[in-house]
Every structure is written in structure tokens, then in C-alpha cells.
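This report describes the side-chain arrangement of one protein model for a reader who is new to structural analysis. Please keep the sequence and the model in view while reading.

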Amino acid sequence: NGGAIGLLVAGAATMLALEARQHIGRGQRVDVSSAESLAMLFVGFNNVGPYWDRDLVLGRTGYIWTGTYLGVLPCKDGYVFVFTPDDHMWEGMVKALDDPEWAKDPLFANREGRAEYAEEIVALLTAELADRTKEEFFQRSQANRAPNAPVYDLREVFENDHLRVRDYFVDLPTTGGETYEVPGAPYRFSEGGWSLRRPAPALGEHNEAVYRNRLGLGRAEL
């Protein structure tokens with residue numbers, strides 16, 4: 001994960017450097033640390049404020065984040081990600097569940113109450129989701145503007161209708177003449193396109209081109 005987060009941060013930093021070049025007229029070196037990128041993820045967002053305001057050090061809470069109620073819960077055929085920090089999100093989820101009686105409890109009427117009684121909500125929701133598939137819960141949540149989502153395994157990602165319709169997966173040729181599917185670009189352009197021109201290089205495939213042709217090493221050195 002450190003490498004992946006680092007790449008995202010590097011992309012953002014590079015765009016900022018390019019923007020700065022338009023104003024200061026010169027380029028600059030961008031140094032990105034995977035460790036610092038992960039530190040931002042772990043101590044940033046909602047953790048710094050409570051520390052400075054109330055000297056409160058927040059720890060990891062596993063699959064439940066009780067501060068705003070966020071969690072990964074089991075359902076009939078797997079798991080779903082439930083995210084209802086705001087009132088309208090909570091109300092949308094309640095509608096998606098066909099307005100269960102327990103959701104009308106005054107203790108759950110606002111964000112503070114739902115944070116305080118998160119354990120009770122988890123138990124009630126887990127029982128409610130036991131007979132619902134993750135796709136059913138996802139579609140019902142979408143229809144009621146609640147940002148809940150299914151937790152897909154790799155097979156479900158590859159079989160996802162939305163990704164298939166958008167031709168997200170592309171065929172990658174290998175040096176052995178075979179092909180297999182890989183994720184494509186997560187964006188589309190109105191002008192021009194994106195294509196996967198070749199697979200990753202085999203071991204040593206470009207040594208000649210890089211070491212000799214570009215760096216000028218002799219054959220003996222290579």
C-alpha cells in the first residue's frame with residue numbers, strides 16, 4: 001500500500017510542480033516519500049484535530065469507526081461497506097432497509113446518538129443484513145442516496161457488469177504469444193484515446209537499448 005499511496009501523492013505533487021512552472025518559469029525536483037505518504041493516511045483526516053483540541057489520541061477500531069459510524073458488515077453473500085455519518089445518509093439507508101421499526105428509536109435520531117450507540121446499531125444492522133445480498137443492499141442504497149457499497153472479491157470485480165459495459169478490462173499480449181485480461185485506464189478522453197501497446201518487459205529485454213544505445217556502455221561492460 002505504501003507504494004500505491006506514494007504514487008498517488010507523486011502524481012498530485014507533479015501536477016502542482018507543473019502548475020508552479022507556469023508561474024515561476026522553471027521546473028523543480030519532486031521528492032516523494034512512501035513513509036510520509038502513509039503517515040498522512042494514518043494521522044491525517046480526522047485524527048489530528050482531536051489530538052490538538054482535546055489531547056485525544058485516536059487508535060484503530062478495526063472494521064467499525066464509531067465516531068461517525070462507518071463499517072464493514074456481513075450480509076447474506078459476503079460483506080457490505082456502510083457509511084452513514086450524516087442524517088440524510090442514515091435516512092436513505094433506513095429507507096433502503098424498508099424502514100425497520102428499530103431505526104425509529106430516538107437514541108438513533110442524530111449523529112451524536114448513533115456514535116454513542118454504535119455497538120447497538122451494528123448488532124441491529126447485522127441482523128437486518130443477514131437476509132439481504134450485497135447487490136440488493138447496494139442498489140437499494142443507491143436508489144435512496146445512501147453511499148453504501150458492496151465489498152467485492154476479485155472474481156466479482158472481473159464479472160462486474162458496469163466495468164464490462166465500459167470495456168475497462170483489456171487484453172494484454174505476452175511475449176509468449178498468449179493474452180490475458182488486465183485493468184485498463186480509469187478515465188476516458190473526448191479527444192484521442194488510450195491503449196495498452198505492449199506488456200511489461202521480460203527480464204533483461206531492454207538492456208541493449210538502455211545500457212548500450214542510451215548510456216554508451218560497450219558490449220564487454222554490458
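Does aspartate 87 count as buried, partly exposed or exposed, and what is its relative accessibility? At 36% relative accessibility, aspartate 87 counts as partly exposed. Here buried means under 20% relative accessible area, exposed means over 50%, and partly exposed lies in between, with a 1.4 Å probe and protein chains only.

The model is predicted, so that local features need pLDDT of at least 70 and side-chain atom pairs count only at pLDDT 80 or more, while totals for chains, interfaces and linings use all residues. Residues are numbered from 1 along each chain as its sequence is written, and side-chain values use heavy atoms, with hydrogens and water left out.

## Salt bridges

A salt bridge is a side-chain nitrogen of Lys or Arg within 4 Å of a carboxyl oxygen of Asp or Glu. By this rule the model has 13 salt bridges. The table gives three of them.

| Acidic residue | Basic residue | Closest N to O distance |
|---|---|---|
| Aspartate 87 | Arginine 114 | 2.9 Å |
| Glutamate 128 | Arginine 132 | 3.7 Å |
| Glutamate 156 | Lysine 134 | 2.9 Å |

Aspartate 87 lies in helix 4 and arginine 114 in helix 5, so their salt bridge ties together parts that are 27 residues apart in sequence. Helices (H or I, at least four residues) and strands (E, at least two) are DSSP runs, numbered from the N terminus. In contrast to its partly exposed partner, arginine 114 is buried, at 2% relative accessibility.

Glutamate 128 is partly exposed at 21% relative accessibility, whereas arginine 132 counts as buried at 11%. Both residues belong to a network of salt bridges that links Asp98, Glu128, Arg132, Glu136 and Arg140.

For the third pair, lysine 134 lies in helix 7 (residues 134-143) and glutamate 156 in helix 8, so the bridge ties together parts that are 22 residues apart in sequence. Helix 8 covers residues 154-158. Both lysine 134 and glutamate 156 are buried, the latter with a relative accessibility of 16%. A contact means heavy atoms within 4.5 Å. Not counting residues up to four places away in sequence, glutamate 156 touches Lys134 and Val151.

## The nonpolar core

A nonpolar core is a set of buried Ala, Val, Leu, Ile, Met, Phe, Trp, Tyr and Cys residues joined through side-chain atoms within 4.5 Å. The largest such core has 18 residues, and those with the most contacts inside it are Leu73, Val82, Trp90, Met93, Leu125, Leu129 and Phe137. Two or more residues come from each of strand 2 (70-75), strand 3 (78-83), helix 4 (87-96) and helix 6 (118-129). Helix 6 gives the most, with four residues.

Which residues does phenylalanine 137 touch, not counting residues up to four places away in sequence? They are Val80, Val82, Met93, Leu97, Leu129 and Asn148.

## Aromatic pairs

A pair of aromatic rings is described by the distance of the centres and the angle of the planes. Rings of Phe, Tyr and Trp (its six-membered ring) pair if their centres lie within 6.5 Å; planes under 30 degrees apart count as stacked, over 60 as edge-to-face and the rest as tilted. Six aromatic pairs are found by this rule.

One of them joins tryptophan 90 and phenylalanine 108 in an edge-to-face arrangement, with 6.4 Å centre to centre and 65 degrees between the planes. Tryptophan 90 lies in helix 4 and phenylalanine 108 in the loop between helix 4 and helix 5 (111-116), so the pair ties together parts that are 18 residues apart in sequence. Both residues are buried. Together with Trp102, they form one aromatic cluster.

In another pair, the ring centres of phenylalanine 158 and phenylalanine 169 are 4.4 Å apart and the planes are at 15 degrees, so this pair is stacked. Phenylalanine 158 lies in helix 8 and phenylalanine 169 in strand 5 (residues 169-173), so the pair ties together parts that are 11 residues apart in sequence. Phenylalanine 158 is partly exposed, at 25% relative accessible area, while phenylalanine 169 is buried, at 9%.

## An exposed loop residue

Threonine 175 is in the loop between strand 5 and strand 6 (179-183). Threonine 175 is exposed, with a relative accessible area of 63%. Leaving aside neighbours within four places in sequence, threonine 175 is in contact with Pro199 and Glu205.
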